[in-house]
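This briefing introduces a structure to a reader who has not met it before. It begins at the surface and then turns to the strands, the loops and the core.

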Amino acid sequence: MTTTTFPYTAWVLMPSFRPAEVTFVDTRFGDWHATESGKSYYPSEIHQTKAAAIAWGLAALAKQQAAIDKMQQNLNKRRAVLEKASE
């Protein structure tokens with residue numbers, strides 16, 4: 001396990017998925033890192049570079065899109081069953 005020296009600056013994605021550089025000042029709730037404003041981030045959400053934060057966000061979006069595609073397939077199957085039953 002690596003020890004983090006506080007304060008340090010790193011990149012995170014805001015809820016709007018906009019990358020932002022923030023300063024972390026302490027740990028909270030075990031592994032969570034707290035910013036100057038008091039918001040906490042889990043270490044997997046913290047990135048050393050802006051490019052790494054963007055890549056992580058794109059991977060998260062791809063995962064969400066895959067889940068949506070799977071749900072759409074299930075809806076299409078259910079719709080087909082209902083349409084077949086209504087004939």
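A nonpolar patch of about 340 Å² on the surface is made by Phe17, Ile54, Leu58 and Leu61. The model described here is a predicted one. The points below are grouped by topic, starting with members of that patch.

**The surface patch**

- Ile54, one of the patch residues, lies in helix H1, which covers residues 50-86.
- Ile54 has a relative accessibility of 38% and therefore counts as partly exposed, since that class lies between the buried limit of 20% and the exposed limit of 50%.
- Phe17, which also contributes to the patch, is located in the loop between S1 and strand S2 (19-28).
- With a relative accessible area of 34%, Phe17 is partly exposed.

**Strand pairing and hairpins**

- Strands S1 and S2 run antiparallel and are joined by 6 bridges.
- Within this pairing, Tyr8 has Phe24 in S2 as its bridge partner.
- The hairpin of S1 and S2 has 5 residues between the strands, and Phe17 takes a positive phi near 70° there.
- Strands S2 and S3 also run antiparallel, with 4 bridges joining them.
- Arg28 stands opposite Trp32 in S3.
- In the hairpin of S2 and S3, 3 residues lie between the strands, and Phe29 takes a positive phi near 50°.

**Backbone features**

- The peptide bond from Phe6 to Pro7 is cis, and its omega is near -5°.
- Pro7 is placed in the segment before strand S1, which spans 8-13.
- Phe17 has a positive phi although the residue is not a glycine.
- Phe29 likewise has a positive phi in a residue other than glycine, and its place is the loop between S2 and strand S3 (32-35).
- Phe29 counts as exposed because its relative accessibility is 69%, and the exposed class begins over 50%.

**The nonpolar core**

- In soluble globular proteins, nonpolar side chains tend to be buried together.
- In this model, the largest nonpolar core has 7 residues, namely Tyr8, Ala10, Val12, Val22, Phe24, Tyr41 and Ile46.
- S1 and S2 each supply at least two residues of this core.
- The strand that gives the most to the core is S1, with 3 residues.
- Tyr8 and Phe24, the bridge partners mentioned above, both belong to this core.
- Leaving aside residues up to four places away in sequence, Ile46 touches Tyr8, Ala10, Trp11, Val12, Phe24, His33 and Tyr41.

**Strand S4 and Ser40**

- Ser40 lies in strand S4, which consists of residues 40-41.
- Ser40 has a relative accessibility of 17% and so counts as buried, the limit for that class being under 20%.
- Not counting residues up to four places away in sequence, Ser40 touches Arg28, Phe29, Trp32, His33 and Ala34.
- Among these contacts of Ser40 are Arg28 and Trp32, the two residues that stand opposite each other.
- Another contact of Ser40 is Phe29, the exposed residue with a positive phi near 50°.

Key:
Residues are numbered from 1 along each chain as its sequence is written. This is a predicted model: local features need pLDDT of at least 70, side-chain atom pairs count only at pLDDT 80 or more; totals for chains, interfaces and linings use all residues. Side-chain values use heavy atoms; hydrogens and water are left out. Buried means under 20% relative accessible area, exposed over 50%, partly exposed in between (1.4 Å probe, protein chains only). Contact means heavy atoms within 4.5 Å. A nonpolar core is a set of buried Ala, Val, Leu, Ile, Met, Phe, Trp, Tyr and Cys residues joined through side-chain atoms within 4.5 Å. Two strands pair if DSSP finds at least two bridges between them. Patches are made of residues with over 30% relative accessible area and no salt bridge: like charges are joined within 9 Å, nonpolar side chains (Val, Leu, Ile, Met, Phe, Trp, Tyr) within 5 Å. Accessible areas come from the Shrake-Rupley method with a 1.4 Å probe; for residues, only the protein chains shown count as cover. A salt bridge is a side-chain nitrogen of Lys or Arg within 4 Å of a carboxyl oxygen of Asp or Glu.
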